[in-house]
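Reader: I've got a model on my screen and I'm not sure how to read it. Could you walk me through it?

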Amino acid sequence: MEKEKAEIASLVERYGRVQSLMKYVNSDTLKESYNKQPKGKAVGVDGITKEQYGENLEENIESLLVRMKKFSYKPYPVRRAYIPKGNGKMRGLGIPSFEDKVVQGVFKEILEAIYEPKFKEFSFGFRPNRSCHDAIQRVNKHIMADKVNYILDADIKGFFDNLDHEWMIKFLEHDIADKNFIRYIKRFLIGGVMEDGKRLDTEAGTVQGGLISPVLANVYLHYTLDTWFDYVKKHEFKGEMYMVRYADDFVCLFQYENEAQRFYQLLIERLRKFGLEIAEDKSRILPFGRYKGTKESFDFLGFTHYNVTSHWGKYCVLHRTSRKKLKMKREAVKKWLWEHMHESIADTIEALNVKLTGHYRYYGIYGNYIGLQKYYKYVRQELWKSKRRRDQTYWLTWKKYMNILKIHPLEYPRIYLKSAY
């Protein structure tokens, strides 16, 4: 779909507002979207897997296109599933049916082609070739190189659940003139949720788990937050100020405390206009930066960021895995280990090493080696406990366990991002 995306991007550059987008939802792009869908994922309410859909792929795609042209295609309600959050609560996810994933895959590519040229450079979440590490490096750069003395650590309450559908469509219509394309976006937004066998309407929000949800979220915040931030920065404030956003998680950085406080009040009013609310109990302004040698810290993207002095007496920002995230990761791996306690140690370690590598790839940034070690030691201890408990004979002493780990070693901590910024 790269050729099609380049063509759409060219139209955006030429005309700003684009039309005739449904022609890009065709047999070739739908098949390409099918091929990109990963195998072995949880099924939606239709119970269809990728393998089952692919048994008659040509017929299924042809039938889908006929229904889309007649506007008889309606997405299934998404199946509700829950995963634990770090605060002990559960986060609701929506699992679309497989055919809906295929369609959303194409729509996602089209939306990205339209909006990537428009999105701000300080927006990092769920965008091609941008990562959480890029966002953290940007925060570092501003703190280390710019006049940053205060940070607004803000939290939007239930963003994905409260996104206003009417505003969402208005934002899309500002850039998209194809009414049929917009019509299908509306259908995905109001498609509903299946929970405990009952269909629930989705009158607001975009269900996390859908392929187009992240890009729709970025479009919504682009207009409610990003473009507004740039405007007030240029017209209403005198000091330096910056923002770094990753989806609905963002921090704002200021030169002056009074401007940080004023912006915070404006932010509350701005978001309220679009049906969003700041979680005031989780939001605060704190002194932070090389001119503010405080012991204050803030959490952003799973890391706690500290003011510190290096071994050479120079100011720097230190990053450690946040306590909340570390606790959540520990609980998850402990649960997994005890669920797999009856497997052989070799098989368990093989699967466990994949999890450890994933953890190190995310949290393995400059300055966080201690955080990785804490997690590694916890996993090593819990693995021993679970296997020792397996047959309740306690034959697996710590010495025997260490000898086994020499043959089947656990993946050791590794720093992947070696530059602070």
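**Surface, fold and one hairpin**

Author: Let's begin with the outside: the protein chain has an accessible surface of about 21,700 Å², and carbon and sulfur atoms hold 49% of that. Areas like this come from the Shrake-Rupley method with a 1.4 Å probe, and for residues only the protein chains shown count as cover. Keep in mind that this is a predicted model, where local features need pLDDT of at least 70, side-chain atom pairs count only at pLDDT 80 or more, and totals for chains, interfaces and linings use all residues. Residues are numbered from 1 along each chain as its sequence is written, and side-chain values use heavy atoms, with hydrogens and water left out.

Reader: How many helices and strands does the protein chain have?

Author: Helices (H or I, at least four residues) and strands (E, at least two) are DSSP runs, numbered from the N terminus. Here there are 15 helices and 11 strands. The radius of gyration is 24 Å, close to the 22 Å from the globule rule for 421 residues, so the chain is as compact as a globular protein of that length. That radius is taken over C-alpha atoms, and the rule is 2.2 Å times the number of residues to the power 0.38.

Reader: Which way do β10 and β11 run?

Author: Two strands pair if DSSP finds at least two bridges between them. Strands β10 (residues 303-309) and β11 (residues 315-321) run antiparallel, joined by seven bridges. Val-308 sits opposite Cys-316 in β11. Five residues lie between the strands of this hairpin, where Gly-313 takes a positive phi near 80 degrees.
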